[in-house]
Amino acid sequence: MTGIRRFAGEASPPFLAAAAIIAFSEIFVKVTNQPAYILPAPSAVFKRLVDGFAPSTVIPSDALPIGLAYNAQVTLIEALLGLAMGVTLGVVLGVIMAHSRRIERLVYPIVVTIRSTPNIAIAPVFIIWFGFTIMPKAIVAMLTTFYPMLVNCITGMRSVDAQTLEFFRTVNASPREIFIHLRVHNTLPYFFAALRLSVSLSLIGAVVGELVGSRAGLGRLIAQASINLRTDEAFAGILVLAVMGIAMTELVSLVQGRVLFWHESQRAKT
Amino acid sequence: MASAGTQVAAGPMKLILGALRAVQNLLGLVGGLIALLILWEVLVRVTETPTFIFPSASQTIERLQEQIWSYLYEISWTFAAAGIGLVIGSGVGIIGAVLMAQWRVVEKSLFPLAVFLKLVPFIAIAPLLVVWIGYNLWPKIIIAALITFFPVLVNAIAGLRAADPLAVEFFQSVGASKVEIMTRLRWHSSLPYLYAALKLAVNLSLVGAIAGEYYGAEHGIGKVIEETALRLDMRGMFAAILMLAAVGVTLTLITNAIERRALYWHESVRSGAPQ
């Protein structure tokens with residue numbers, strides 16, 4: 001009972017604020033008579049949203065891809081593939097770079113160059129190489145996501161408690177045991193912190209790739225809708241993107257809560 | 001007295017040592033970048049990759065030398081849009097965070113919304129803004145500001161909240177005003193969070209500005225890349241990207257140096273992990 005009351009107390013203010021903002025913009029659009037291509041009313045966007053998920057608009061992939069559901073799925077797969085590649089690259093490089101300062105110095109310039117170059121500038125190269133396939137988007141998403149993962153893995157691997165490390169050594173723990181039971185364990189909170197950021201960055205990466213060149217996906221849908229002044233559809237697409245980003249981040253938080261139940265960041269919540 | 005004397009002597013020593021280490025780091029980075037260029041050249045030559053797929057480093061640099069002034073001019077448009085957008089977006093974000101931290105009710109109702117909006121890839125509305133506003137600098141500035149606003153706002157609030165509650169209590173017990181607690185305590189606890197957001201924002205603002213340029217612009221490095229891509233002029237495109245990478249690395253080095261100076265007391269800097 002108290003749990004429900006506390007949830008209502010925590011969750012209701014943002015919902016009320018969101019409802020107020022939506023109601024205000026609806027009234028504002030209606031009263032000032034904004035043309036739909038400049039500022040669509042929230043009700044119009046909502047109608048587009050419902051239409052976009054109607055079963056009739058979900059069509060096979062060889063036809064012209066319309067409908068929010070189909071395009072959302074395209075973007076999701078691109079983002080997830082890029083995320084998987086980025087996380088793998090970040091973790092592998094992170095473990096290697098944390099292990100040896102020499103390799104770190106060798107690889108660091110490459111990593112800095114990749115991170116400092118806006119990914120959207122490199123995207124056309126991949127489109128020329130791979131065509132309008134899933135690869136350019138996944139690669140852009142990978143380049144966007146691997147850096148936070150890399151930095152957090154290095155930090156987690158290195159920031160083990162010195163006294164605990166000494167204890168491991170005194171009980172004759174092998175390097176492998178120290179790695180698994182101490183370093184990996186210590187890295188997990190950093191890993192999840194990076195993953196939460198990377199999840200939303202992977203969506204940005206996929207959309208950036210789609211903006212540069214694609215046949216399907218939410219980024220392409222929004223761009224096409226914008227150019228054709230179907231602003232309500234563009235807004236509906238952005239809304240779907242937002243919901244996808246939140247769902248993915250919350251999923252990571254959920255797993256994080258299960259895996260890191262022993263960590264202070266999780267215990268502080270309860 | 002003696003301890004004061006050694007401290008005075010240690011001051012310049014430390015400074016010189018620090019400068020030496022900075023120079024050493026920079027040399028290492030430059031050396032690494034040169035090695036990267038050589039590796040690129042060798043790889044392309046050995047595999048005999050045709051120019052229209054992957055031009056070699058020497059070809060790219062040659063092209064860059066021919067066009068360096070025009071590329072510098074175009075890139076300055078991109079950086080102007082991204083920079084103005086970054087300043088507006090992060091400025092409004094920081095002011096908004098400080099204001100929101102004043103009223104618990106406002107923070108409680110708006111902070112979750114800001115967290116929600118932080119996850120929206122606003123980059124997608126770049127084409128929409130270009131259609132609305134035109135081929136000038138404004139859509140790029142707005143998109144850069146919009147992209148940077150929410151990450152900065154959310155991190156600044158999280159940082160303001162992260163102030164040690166015991167320290168806040170201590171400040172209150174010695175009769176510090178709300179303004180004093182904000183400027184002397186909460187602001188400092190927020191800085192590491194703010195820098196983390198700003199480093200991401202610098203990159204995102206550039207991505208936003210270039211996205212705007214792809215969809216229509218009179219100037220900008222994004223327009224150059226778009227045009228060279230349409231002509232399949234790979235040398236021109238790689239030259240433009242190389243230029244952007246060079247300026248981007250310089251920018252990263254500057255922001256890292258600023259962060260190290262401002263956050264020398266924080267563990268993220270002291271641990272020596274890459275930034």
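Domain bounds here come from an automatic or database domain assignment.

**View 1. The two domains of chain B.** In this predicted model, the assignment splits chain B into domain 1 (1-48) and domain 2 (56-270). The C-alpha centres of domain 1 of chain B and domain 2 of chain B sit 27 Å apart. Handy for navigation: residues are numbered from 1 along each chain as its sequence is written, and chains are lettered from A, with ligands numbered from 1, in the order in which they are written. Local features need pLDDT of at least 70 and side-chain atom pairs count only at pLDDT 80 or more, while totals for chains, interfaces and linings use all residues.

**View 2. Where chain B meets chain A.** Here 41 residues of chain B are in contact with 49 residues of chain A (contact: C-beta atoms, placed from the backbone, within 7 Å). Elements giving two or more residues to this side of chain B include α1 (2-47), α7 (178-214) and α9 (234-262); helices are DSSP runs of H or I with at least four residues, numbered from the N terminus. The largest share, eight residues, comes from α9(B).

**View 3. A hardly covered helix, α6(B).** Take a look at residues 165-173 of chain B: of the nine residues in this helix, zero are buried (buried: 20 or more other C-beta atoms within 10 Å of a residue's own, with C-beta atoms placed from the backbone). Just after α6(B), Gly175(B) adopts a positive phi of about 75°.

**View 4. Chain A, helix by helix.** Chain A has eleven helices and zero strands. Of its 270 residues, 41% count as buried.

Conventions
Contact = placed C-beta atoms within 7 Å. Buried ≥ 20, exposed ≤ 12 C-beta atoms within 10 Å, placed from the backbone.
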